[in-house]
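Trainee: Please take me closely through the disulfides of this chain, and then through what surrounds them. I would like one connected account.

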Amino acid sequence: MREPSPTRMKWFLPLTLSLFILGGCPGSGGENPPPEGDGGTNTPDGGGTGNPDGGPTGTTCLSEPLLTSLGKNRLLVGAQMEESTAAGAPFDMRYLYVASGLVDSANVCTSCTTGCSTKGTSCSGGGCMWWGCWQDVSQPPGDYVRGFVSRSGDRQQIPFITYYQQLLSSGKNEGEQQLQSLNDVALMRRYFGDWRFTLQQVGNARALLHIEPDLWGYIQFFSQGNPRTVPAQVASANPTDCAGMANDASGLSRCMIAMARKYAPNAKVGLHASPWATRIDVYTNTNSSFDVNGEARKVADFLLALGAADTDFVVVEASDRDAGYYEQRQGENTWWDTRNTTLPHFHQAFGWARAISERLNKPNFWWQLPVGNMSLPNSNTKWRDNRVDYFFTHTAEVAASHAAGFSFGAGNDEQTTPETDNGNLANRVRAYRSAGGQVPCVQ
């Protein structure tokens, strides 16, 4: 089994800071050339029905209501990218990580220049590790998110904000150890204060909020599927917003969802589904008799225990690194077969995502897809991968998985980005838009 989420964020913080300075995670697929075509089609989603064993009943089209609420009628395409890239191609959405430490004080800072620090380092010089002061420190804290939301709106791009603070604020190793910090009431007061502050920067804007990738997967992985066995200070740490909620992991997720509704009422919110959370990594499966749908339902049922019925979508991903990077640097084969004849392949991954959505009765968003392409030299920041080209030439398959959209981005600062891929992603987006985009389902 692949280690769950192999150090998704080990290298992310330097990447975040560098982007802020600049402007602002055995198949045969690796040998296949990318298929030809522009992507973008009016071929509808084939729909789907709910499952018979106790989960919510799926509807014919899960993505259409969400897209309609966002003023859209085609699958959304987005990326994590620099300002120039966002301005130069017709992306529908743009995503941003909120990933840093927390401030030292019990309350969120009201000024970056006075009384604000992280781990004893003052934020007055702009060098502290709190996202709220990654900006012109003479201005009120929070422009990293507030300005991102504003600029995205000006371009008619939907801001997609990934909140990834629990691991980095815990000060512990990723995985089982980080879960221990959920029971630290003082730390959780600061954590909830940071989440509240993030939401307040979104305010009444239209946005997509992605809560804590990996965290729910680790909770499922180490709790044998019962979030109530994982202690977390919730009502005790945040009586303002979450009085009466359980002091366990199920209370944590429900509290964060409720806070999103309260402080960012026009935003849509989703939890993250991890393909390794059941202790079997579906994405690396090579056994054709393996029950992919059954494994997906286990993840979905766990998310329902976390309150996913009260969310708007679920987030799924493919890999936190380009396949060429894993192959060259770590000797791992993470390719998906583009012919869909040898496992692991794209149809298996789409089937897993589809089953999760049908169990939850929620659409999914594909997030942080690797940016590499097969024409790159397979070296630093220019790695090969086949996901960009496959997704854009098989948009009907993406739609059939109940996806509302798909977005691309680097999982660390060594990966291919929209700025290092020789223009492939931006060109694909332009062609997708020119072709009319992909309808989500049967009209």
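Mentor: C109 and C116 form a disulfide, with 2.2 Å between their sulfur atoms. The model is predicted, and that applies to everything that follows. The torsion about the S-S bond of C109 and C116 is 90 degrees, a right-handed link. Both C109 and C116 are buried. C116 sits in the loop between β2 and β3. With a relative accessibility of 3%, C116 falls under the 20% limit and therefore counts as buried.

The surroundings of C116 lead to the next pair. Not counting residues up to four places away in sequence, C116 touches V103, C109, S111, T121, S122, C123, W130 and C133. Two of the names on that list are cysteines that take part in disulfides: C109, bonded to C116 itself, and C133, bonded to C112. The C-alpha atoms of C116 and C133 are separated by 9.0 Å, with their positions 17 residues apart along the chain.

In the disulfide of C112 and C133 the sulfur atoms are 2.1 Å apart. Its torsion about the S-S bond is -100 degrees, which makes the link left-handed. This pair links distant parts of the chain: C112 lies in the loop between β2 (93–98) and β3 (117–118), while C133 lies in the loop between β4 (121–122) and α4 (143–154), 21 residues apart. C112 and C133 are both buried.

A further disulfide joins C61 to C441, at an S to S distance of 2.0 Å. It too links distant parts of the chain, with C61 in the loop between α1 (12–23) and α2 (63–69) and C441 in the segment after α16 (424–434), 380 residues apart. The link of C61 and C441 is left-handed, with -75 degrees about the S-S bond. C61 has a relative accessible area of 11% and C441 one of 1%; both values are under 20%, so both cysteines are buried.

A search of the whole structure finds five disulfides. Counting bonded cysteines along the chain, the pattern is 1-10, 2-4, 3-7, 5-6, 8-9.

Next, the helix that follows the loop of C133. Helix α4 has 12 residues and reaches 15 Å from its first C-alpha to its last, close to the 16 Å expected at 1.5 Å a residue. Its buried residues include Y144, V145, G147, F148, V149 and S152. An α-helix has 3.6 residues a turn, so residues three or four places apart point the same way. Just after α4, Q156 takes a positive phi of about 60 degrees.

Strand β5 (residues 158–163) holds F160. At a relative accessible area of 1%, under the 20% limit, F160 is buried. Leaving aside its neighbours within four places in sequence, F160 is in contact with M93, R94, Y95, L96, F148, L208, H210, F313, V315, F365 and W367. One of these, F148, is among the buried residues of α4. F160 and R206 are 46 residues apart in sequence, with 9.5 Å from C-alpha to C-alpha.

Now the nonpolar cores. The largest has 104 residues, and those with the most contacts inside it are F192, W216, L252, L303, W352, W366 and F406. A second, separate core of 18 residues includes Y95, A99, F160 and L167. Within the largest core, L303 can serve as an example. Beyond its neighbours within four places in sequence, L303 is in contact with W216, L271, H272, A273, A308, V314 and L360.

Another buried position is S170, in helix α5 (residues 166–170). Its relative accessibility is 11%, which is under 20%, so S170 counts as buried. The side chain of S170 reaches the backbone nitrogen of K172 at 3.1 Å. Outside the four places on either side in sequence, S170 is in contact with Q178, S181 and L187.

For the chain as a whole, there are 16 helices and 10 strands. Buried residues make up 61% of its 443 residues. The chain exposes about 15700 Å², of which carbon and sulfur atoms supply 48%.

Definitions and conventions
Residues are numbered from 1 along each chain as its sequence is written. This is a predicted model: local features need pLDDT of at least 70, side-chain atom pairs count only at pLDDT 80 or more; totals for chains, interfaces and linings use all residues. Side-chain values use heavy atoms; hydrogens and water are left out. Helices (H or I, at least four residues) and strands (E, at least two) are DSSP runs, numbered from the N terminus. Buried means under 20% relative accessible area, exposed over 50%, partly exposed in between (1.4 Å probe, protein chains only). Accessible areas come from the Shrake-Rupley method with a 1.4 Å probe; for residues, only the protein chains shown count as cover. A disulfide is a pair of cysteine sulfur atoms within 2.5 Å. A polar contact is a pair of N or O atoms within 3.5 Å; within protein, one must be able to donate a hydrogen and the other to accept it, and residues adjacent in sequence count only if both atoms are side-chain atoms. Contact means heavy atoms within 4.5 Å. A nonpolar core is a set of buried Ala, Val, Leu, Ile, Met, Phe, Trp, Tyr and Cys residues joined through side-chain atoms within 4.5 Å. The expected span of a helix is 1.5 Å times one less than its number of residues.
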